[in-house]
Amino acid sequence: RWLRPPDDGGAVWFNILVIHQNKVEHNPKNTISLEAHIPDWFDFVLWGHEHECLIEPQKRADKDRDGNTWVTQPGSTVATSLIAGEAKRKHAGWIDVRCPRDGAPQF
């Protein structure tokens, strides 16, 4: 069950989830599925633990949802093993969130 702040009618919230868990199914006991486990009211999901760098935010790709969730997977900043995902360029990043008074949060 997920808890959210109460809607007081005037507050603007930016809901960010930082998770450090397998997204790719290596073992069903150690995998979190974005589609099955993470509500679409999150504005931004920063997915850690996976080594491949997919740092450019991507819109949530669920077929049956039209939420506004963006997902980034920065990956490890250095090569940690000899697999194809580790051969790609590495990055580090930051997020700057701005919440205008008359609109939705922007990042």
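Which polar atom lies 2.6 Å from the backbone oxygen of I55? The points below answer this and then work through the rest of the model.

1. **Basis.** This is a predicted model; local features need pLDDT of at least 70, side-chain atom pairs count only at pLDDT 80 or more, and totals for chains, interfaces and linings use all residues. Residues are numbered from 1 along each chain as its sequence is written, and side-chain values use heavy atoms, with hydrogens and water left out.

2. **T72.** The answer to the opening question is a polar atom of the T72 side chain. A polar contact here is a pair of N or O atoms within 3.5 Å; within protein, one must be able to donate a hydrogen and the other to accept it, and residues adjacent in sequence count only if both atoms are side-chain atoms. T72 lies in strand β4. T72 is buried, with a relative accessible area of 5%. Buried means under 20% relative accessible area, exposed over 50%, and partly exposed in between (1.4 Å probe, protein chains only). Residues up to four places away in sequence aside, T72 touches F44, V45, L46, W47, L54, I55, E56 and P57. Contact means heavy atoms within 4.5 Å.

3. **Overall layout.** The protein has 1 helix and 4 strands. Their order along the sequence is β-α-β-β-β. Helices (H or I, at least four residues) and strands (E, at least two) are DSSP runs, numbered from the N terminus. Of the 107 residues, 27% are buried. Among contacts between residues at least 6 apart in sequence, 58% join residues at least 24 apart. The exposed area is about 8000 Å², and carbon and sulfur atoms supply 53% of it. Areas come from the Shrake-Rupley method with a 1.4 Å probe; for residues, only the protein chains shown count as cover.

4. **Strand β2.** How many of the 5 residues of β2 are buried? The count is 4, so this strand, residues 44-48, is largely enclosed by the rest of the structure. Strand β1 (residues 16-20) runs parallel to β2, joined by 5 bridges. Two strands pair if DSSP finds at least two bridges between them. I16 stands opposite F44, and L17 stands opposite V45. β2 also pairs with strand β4 (residues 70-73), in the parallel sense, over 3 bridges. There, F44 stands opposite W70.

5. **Two faces of β1.** In a regular strand the side chains alternate between the two faces of the sheet. β1 shows such alternation: L17 and I19 point to one face and are buried. I16, V18 and H20 point to the other and are not buried.

6. **Nonpolar core.** The largest nonpolar core has 7 residues: L17, I19, I38, F42, V45, W47 and V71. A nonpolar core is a set of buried Ala, Val, Leu, Ile, Met, Phe, Trp, Tyr and Cys residues joined through side-chain atoms within 4.5 Å. β1 and β2 are the elements that give two or more residues to this core. In soluble globular proteins, nonpolar side chains tend to be buried together.

7. **Aromatic pairs.** Rings of Phe, Tyr and Trp (its six-membered ring) pair if their centres lie within 6.5 Å; planes under 30 degrees apart count as stacked, over 60 as edge-to-face and the rest as tilted. By this rule there are 3 aromatic pairs. The W2 and W41 rings have centres 6.3 Å apart and planes at 90 degrees, so this pair is edge-to-face. The pair links distant parts of the chain, 39 residues apart: W2 is in the segment before β1, and W41 is in the loop between α1 (34-37) and β2. W41 also forms a stacked pair with F42, at 4.4 Å centre to centre and 20 degrees between the planes. W2, W41 and F42 form one aromatic cluster. W2 is partly exposed at 41% relative accessible area, and W41 is partly exposed at 21%. F42 counts as buried, at 6% relative accessibility.

8. **E52.** E52 sits in the loop between β2 and β3 (54-59). E52 is partly exposed, with a relative accessible area of 25%. Which side chain makes a polar contact of 2.4 Å with that of E52? K88 does. Leaving aside neighbours within four places in sequence, E52 is in contact with Q73, P74, G75, G85 and K88. The C-alpha atoms of E52 and E86 are separated by 5.8 Å, although these residues are 34 apart along the chain.
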